[in-house]
Amino acid sequence: MTDSPRIHLGSVLRASSDDAHAQGTLDDLQYEQGGEKLTLRFAQPAPFEVSVNALGGHELYLQGSFEPVVVMECARCLRDVAVPLDLTLGTLMRHDPSADAPYLEEAESGEEVLVFSSPELDLSAYLAETTLLAAPLSVLHDEACKGLCQVCGHDLNEGPCAHMAQVPVEEIDDALGAPEGSLHAKQNPFAALADLKVPEE
Ligand SMILES: [Zn+2]
Ligand SMILES: [Zn+2]
């Protein structure tokens, strides 16, 4: 299934039904961040199951599960790492016909509330944000990953490169990467991920 995950809430909003259900699998998840279209990659089709109950007024409650195996990059050598997540969903929702796209808002209680307008609710942004919040900020494919040479980009897990000789071997700490300022200083391309969030307005 490559379509975005949707749940039909028309009958719940009209109070002709108490709840609505949706389930399926997602090959990946497209979402927007600051107007930019981004993709969360999954190592295998990710099953989701969602049900929404009317609570009265404009309030509803979403519960369910989502089990993606997120493909992230090793923070040192950039190779793909599969990160399995088992997410339990439970989120208060509010129907606001004036809302643009669905978004998460923090209620006075500190709880997040999913605000939406269209009864054809696209769950992409919600599932993406929930996944990103649960995923680790950075992963290593192996605790002892040696990373890439900063000079030539060679994967040092596959053996030394010509620049290796310029850094005394005893100074290279396998757990933390090479000492700061050396040619093989630790790289952390995932530092940028710390800022990654689904837009909240
Ligand atoms: Zn690695
Ligand atoms: Zn090198």
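Which residues does isoleucine 7 touch, once those up to four places away in sequence are left out? In this predicted model, the list runs to Ala20, Ala22, Val50, Val52, Leu121 and Leu123.

Ile7 also turns up in a bigger picture. Together with Val52 and Leu127, Ile7 is named among the residues with the most contacts inside the largest nonpolar core, a group of 32 residues. So Val52 appears twice here, as a partner that Ile7 touches and as a well-connected member of the core. Several elements give two or more residues to this core: the strands β2 (19–33), β3 (36–56), β4 (59–66), β5 (69–73) and β9 (112–116), along with the helix α2 (124–134). Of these, β3 gives the most, with seven residues. As a general backdrop, nonpolar side chains tend to be buried together in soluble globular proteins.

Now for the loops, where a couple of backbone angles stand out. Alanine 15 sits in the loop between α1 (10–13) and β2. Its phi is positive, at about 65 degrees, even though alanine 15 is not a glycine. With 9 other C-beta atoms within 10 Å, alanine 15 counts as exposed, because the cut-off for that label is 12 or fewer.

Leucine 78 is another case: this residue is not a glycine either, yet has a positive phi of about 70 degrees. Leucine 78 is found in the loop between β5 and β6 (80–84). Here 16 other C-beta atoms lie within 10 Å, so leucine 78 is partly exposed.

Notes
Residues numbered from 1 in each chain as written. Chains lettered and ligands numbered in written order. Predicted model: local features only at pLDDT ≥ 70, side-chain atom pairs only at ≥ 80, totals over all residues. Core = buried A, V, L, I, M, F, W, Y, C linked by C-beta atoms within 7 Å. Buried ≥ 20, exposed ≤ 12 C-beta atoms within 10 Å, placed from the backbone. Helix = DSSP H or I, 4+ residues; strand = E, 2+ residues; numbered from the N terminus. Contact = placed C-beta atoms within 7 Å.
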